[in-house]
Amino acid sequence: MRRIASKFLYTGLGTLAMLWAAAGAAQPASYPSRPVTIVVPYGAGSSTDILTRVLAKQLAGELGQNVVVENRAGAGGALGSAFVAKAPPDGYTLVMGTISSHSINASLLKDQSFNVMRDFKPISLVAYFPNLLAVNKDLPVNNLQELVAYAKARGSLSYATGGVGSSGQMAGELLKLSTGAPLSHVPYKEVGQGITDTIAGHVPLIFYQTPALVPHIRDGKLKAIAVLAPERTPLLPDVATPAEQGVAGFDASAWMGLFAPASTPDAVIAKIHRSLVDAARDAGMARQFGAQGFTLAVDTPEAFRRFVEADIAKWAKVIQTTGATAQ
């Protein structure tokens with residue numbers, strides 16, 4: 001597993017300058033001549049939606065056109081992603097893909113109408129964040145070792161997530177694979193109910209995005225067991241990572257990144273990418289991402305392509321080994 005935090009540090013301006021120079025001569029002077037749409041393949045109010053709207057406002061200033069955010073939720077991000085895969089490849093319809101829609105689903109959903117690496121052109125990573133493992137406050141465990149031992153002694157423990165194909169589900173599957181803990185997935189269509197059920201003790205564990213769980217941890221309603229990333233999060237600086245608790249190489253960091261339809265001209269991709277890099281310099285936007293538990297990160301299109309390919313392979317192995325399904 002790679003240290004995602006070190007892989008996606010802000011790309012050196014010298015490298016970017018060379019990329020932009022190569023594309024500059026062919027760059028269409030008229031692009032964009034009308035508003036650009038970023039499809040969020042999840043519902044309004046999701047973290048992806050909130051942060052895409054923050055980015056869209058800043059990106060509009062760099063592109064000189066309105067950037068509209070359109071929600072097309074369904075099938076764990078597959079419906080909105082399929083819409084963009086079939087959109088005209090002119091740079092006016094993009095998608096904010098995630099670890100679920102553009103990595104996990106590639107192996108978990110057998111009937112997808114698109115292939116991520118064939119039907120999309122990666123533009124850049126935008127941000128990443130750690131998932132968190134938390135438990136009911138009365139569960140008699142305080143760290144990963146105790147949790148694994150308790151699960152083995154009980155024969156099985158159920159864990160709640162934000163749904164089938166979510167990064168939370170994969171975090172649970174990866175923990176099963178890494179430790180041998182017998183865990184059983186309980187997907188929730190409305191993760192708020194999953195949090196409520198974990199607090200009430202109906203489900204003992206939950207794997208979910210750190211910001212959503214932090215208030216309940218600070219109130220003592222849930223116990224944080226591990227930040228599921230290579231590094232601790234500033235939101236919960238006292239919560240250890242799996243590596244610090246003896247589970248080496250564990251990384252269930254989630255991410256979001258910008259994609260265009262596959263045949264979009266390279267010159268248009270370069271224009272969008274340069275605007276994205278310029279937008280990412282804004283300190284206020286970085287603070288807004290940080291408040292949601294995300295780290296703002298921008299890389300080259302080629303580096304992002306390599307990352308997505310590797311991430312698809314990583315979760316395909318986990319899904320195949322554990323037998324995880326979309327049911």
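Let's start with the largest pocket, which holds about 1,000 Å³ of space. Please keep in mind that we are looking at a predicted model. Who sits around that pocket? The lining counts 43 residues, and those nearest the centre are Tyr42, Gly162, Gly163, Ser166 and Tyr208. Several elements give two or more residues to this lining: helices H3, H5 (99–108), H8 (167–179) and H10 (210–218), together with strands E8 (205–209) and E10 (254–261). If you like to think in chemistry, the lining divides into 21 nonpolar, 20 polar and two charged residues.

Two of those lining helices, H3 and H8, are worth following to their packing partners. Two packed helices are described by the angle between their axes and the distance between the axes.

Take H3, residues 47–63, first. Its axis and that of H11, residues 266–280, come within 9 Å and cross at roughly 115 degrees. The crossing of H3 past H11 is right-handed. Which residues do the touching? From H3 we have Leu55, Gln58, Leu59, Glu62 and Leu63, and they meet Lys271, Ser275, Leu276, Asp278 and Ala279 of H11. That contact is made of five nonpolar, two polar and three charged residues.

Now H8. Its partner is H13, residues 301–322; the axes are 10 Å apart and the packing angle is about 65 degrees. Here the crossing is left-handed. On the H8 side you'll find Met170, Glu173, Leu174 and Leu177, and on the H13 side Trp315, Val318, Ile319, Thr321 and Thr322. This contact divides into six nonpolar residues, two polar and one charged.

On to the loops, and to charge pairs. How many salt bridges does the structure hold? There are ten. One I'd like to show you joins aspartate 90 to arginine 34, with 3.3 Å between the closest N and O atoms. Why pick that pair? Aspartate 90 is in the loop between H4 (78–85) and E3 (93–98), while arginine 34 is in the loop between H2 (13–24) and E1 (36–40), so the bridge ties together parts lying 56 residues apart in sequence.

While we're in the loop between H2 and E1, have a look at proline 32, which is found there too. The peptide bond leading into proline 32 from tyrosine 31 is cis, with omega near -5 degrees.

One last backbone detail, for those of you who enjoy them. Alanine 75 is not a glycine, yet its phi is positive, at about 55 degrees. You can find alanine 75 in the loop between strand E2 (67–71) and H4.

That's my tour, and I'm happy to go back to any part of it.

Terms used
Residues are numbered from 1 along each chain as its sequence is written. This is a predicted model: local features need pLDDT of at least 70, side-chain atom pairs count only at pLDDT 80 or more; totals for chains, interfaces and linings use all residues. Side-chain values use heavy atoms; hydrogens and water are left out. Axes are lines fitted to C-alpha atoms, for helices over the stretch in contact, and angles run from 0 to 180 degrees between N-to-C directions. Helices (H or I, at least four residues) and strands (E, at least two) are DSSP runs, numbered from the N terminus. A crossing is left-handed if the near helix is turned anticlockwise from the far one by less than a right angle, and right-handed if clockwise. Contact means heavy atoms within 4.5 Å. Ala, Val, Leu, Ile, Met, Phe, Trp, Tyr, Cys and Pro count as nonpolar, Asp, Glu, Lys and Arg as charged, and the others, Gly among them, as polar. On a 1 Å grid over the protein atoms alone, a cavity is a set of points where a 1.4 Å probe fits but cannot get out, and a pocket is an open set with protein on both sides within 12 Å along at least five of seven lines; lining residues have an atom within 4 Å of a point. Grid points are joined across faces, edges and corners, and a volume is the space filled by probe spheres set on the points. A salt bridge is a side-chain nitrogen of Lys or Arg within 4 Å of a carboxyl oxygen of Asp or Glu.
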